[in-house]
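Grab a pencil and work through these exercises with the model open beside you. Each task comes with a worked solution to check yourself against.

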Amino acid sequence: MLLNLNNKDIEFIRIKYPLLKITPKSPIKIAGTLKFHAIYNDYEIRDSYDITIESIQGRIFPRVVETGNKLKEFAIANGKKLEDMHININDMFSACLCAPIQEKIYEKQNIGVTNFIEKYVVPFFYSQSYYKETQKWAWGEYGHGIVGVLESYLDYSRSEETIVLFLQTLEDYCKKYGSNYNFYLEQLRQKKIKGRNTCPACSSGNRWQKCCIKTLESMRKLKEDIDSLKIKK
Ligand SMILES: [Zn+2]
């Protein structure tokens, strides 16, 4: 889904983010300085980052890159890995704006540029500045790969729609990481998901209950929700 851009969006950006320039022809590209002032949970941040936002043909989620290298420099100066700073090293150092399931939810919504900036881009850069100031992530964080996908389930509302999207995301990630999706489906059919099994979420070989415990909790919650909503497995 490509980003939508209408006259309201153009007006919104011109007023709120005057240092961002829009190339309105399709696919849309926005580049310049994102100068923001945001408050979440009573914590106020004013900061600015040079960025590009690009809508890409054949791809669901727009790509956002911090071109000013502030994040990279911070990571290097503090001995942090870029992946741990939510930067995607396999995709032109783009920003990891949200959990994978959220990308699926986004795909269903077909949102415009204004919402994309306010709901995804500003919170991402806010959280980076927040981390720089406090050494903590503003909203917690998920593990990488399948671990993160599984963990994220605990943070979403349990509607039938989210469950379907969640399972699609898990299947995609299992393919991407060469993991066995059927294992998870089998777990959902068990009477009780056993923590004595080998952890399927990482490659440690440890018992699930001793290893990525949050992913086990997530699967148990998922099973409970599927059973109570009577979704067929
Ligand atoms: Zn594990």
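**Exercise 1. Write down the order of helices and strands in the protein chain, starting at the N terminus.**

Step 1: reading from the N terminus, you should get α-β-β-β-β-α-β-β-α-α-α-α-α-α. Helices (H or I, at least four residues) and strands (E, at least two) are DSSP runs, numbered from the N terminus.

Step 2: tally them up, and the chain has eight helices and six strands.

Step 3: keep in mind that this is a predicted model, where local features need pLDDT of at least 70, side-chain atom pairs count only at pLDDT 80 or more, and totals for chains, interfaces and linings use all residues. Residues are numbered from 1 along each chain as its sequence is written.

**Exercise 2. Find where confidence in the protein chain is lowest and where it is highest.**

Step 1: start with the whole chain, whose mean pLDDT (the predictor's confidence in each residue, from 0 to 100) is 91. Of its residues, 99% reach 70 or more.

Step 2: now go element by element. The low spot is helix α3 (residues 100-109), with a mean of 82, while β3 is the high spot at 97.

**Exercise 3. Work out how the strands β1, β2, β3 and β4 pair up.**

Step 1: a pair needs at least two bridges found by DSSP between the strands. β1 (residues 20-23) and β2 (residues 29-40) run antiparallel and share four bridges. Within that pair, Lys21 is partnered with Ala31 and Thr23 with Lys29. Five residues separate the two strands, which form a hairpin.

Step 2: move on to β3 (residues 43-54), which is antiparallel to β2 and joined to it by 12 bridges. Ile39 has Glu44 as its bridge partner here. This is a hairpin too, with two residues between the strands; in the turn, Asn41 has a positive phi of about 45°.

Step 3: finish with β4, which pairs with β3 in the antiparallel sense over four bridges. Across that pair, Glu54 stands opposite Arg63.

**Exercise 4. Sort the residues of β4 (residues 63-66) into a covered and an uncovered face.**

Step 1: recall the rule that side chains in a regular strand alternate between the two faces of the sheet.

Step 2: apply it. Val64 and Glu66 make up the covered face of β4, and Arg63 and Val65 the uncovered one.

**Exercise 5. Describe α8 (residues 213-228): its span, its buried residues and what covers them.**

Step 1: α8 has 16 residues and reaches 23 Å from first C-alpha to last, close to the 22 Å expected at 1.5 Å a residue. That expected span is 1.5 Å times one less than the number of residues.

Step 2: list the buried residues, meaning those with 20 or more other C-beta atoms within 10 Å of their own, whereas exposed ones have 12 or fewer and partly exposed ones fall in between, with C-beta atoms placed from the backbone. In α8 they are Thr215, Leu216, Ser218, Met219 and Leu222.

Step 3: look down the helix axis. These buried residues fall within an arc of 160° (taken from the directions from the axis to the C-beta atoms), so they line one face of α8. On the other side, Glu224, Asp227 and Ser228 are exposed.

Step 4: see what sits over the buried residues of α8, and you'll find α5 (145-152) and α7 (181-189) among the elements covering them.

Definitions and conventions
Two residues are in contact if their C-beta atoms, placed from the backbone, lie within 7 Å.
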